[in-house]
Amino acid sequence: MDSMFYCIPQEAYLSITTCKNLRERPVGKAPAGAPPKLIACEKCTMHPLVDMSKIPTVTLEAYLGGTRPRVVKLNSPKNRKLLADVA
Ligand code: SF4
């Protein structure tokens with residue numbers, strides 16, 4: 001079952017699968033019919049935490065029931081270190 005998290009660049013609740021799919025889009029001029037990568041995703045510094053499962057999530061089921069995941073603190077010392085390590 002997919003998990004939901006808060007995407008800070010897009011200011012939206014998204015599923016982890018959606019985040020990964022959005023990142024697979026081509027950058028810039030996309031082939032006809034294919035949506036290009038969102039600028040938010042291109043510039044995103046948050047997704048390594050998504051890949052490391054270091055973001056607060058709720059299950060899709062809980063989300064549909066009205067529960068919302070907390071917003072990750074990108075500037076916490078722990079997360080800054082994690083992000084610096086993958087940069
Ligand atoms: S790559 Fe970043 S901006 Fe794009 S959906 Fe994932 S967290 Fe959000």
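The legends below describe close-up views of a predicted model.

**View 1. The residues around the ligand.** In this predicted model, the shell around the ligand is made up of Phe5, Cys7, Pro9, Gln10, Leu14, Cys19, Leu22, Arg23, Ala40, Cys41, Cys44 and His47. Strand 1 (3–7), helix 1 (16–23) and helix 2 (39–42) are the elements that each give two or more residues to this shell, and helix 1 gives the most, with three residues. By residue type, the shell around the ligand divides into nine nonpolar residues, two polar residues and one charged residue.

**View 2. The cavity that holds the ligand.** The ligand takes up the space of the largest cavity, which contains about 90 Å³ of space. Of the 14 residues that line this cavity, those closest to its centre are Cys7, Gln10, Cys19, Cys41 and Cys44. The elements that give two or more residues to the lining are strand 1, helix 1, helix 2 and helix 3 (47–51), and the largest share, three residues, comes from helix 1. The residues of the lining divide into eleven nonpolar, two polar and one charged.

**View 3. The hairpin of strand 1 and strand 2.** Strand 1 and strand 2 (residues 12–15) run antiparallel and are joined by four bridges, and together they form a hairpin with four residues between them. Within the turn of this hairpin, Glu11 has a positive phi of about 50°. Phe5 has Leu14 in strand 2 as its bridge partner, and both Phe5 and Leu14 are among the residues that surround the ligand.

Technical notes:
Residues numbered from 1 in each chain as written. Predicted model: local features only at pLDDT ≥ 70, side-chain atom pairs only at ≥ 80, totals over all residues. Heavy atoms only, no water. Near = heavy atom within 4 Å. 1 Å grid on protein atoms, 1.4 Å probe; cavity = no way out; pocket = protein on both sides within 12 Å on 5 of 7 lines; lining within 4 Å. Sits in = over half its atoms within 2 Å of the grid points. Nonpolar A, V, L, I, M, F, W, Y, C, P; charged D, E, K, R; others polar. Pairing = 2+ DSSP bridges. Points joined across faces, edges and corners; volume = space filled by probe spheres on them.
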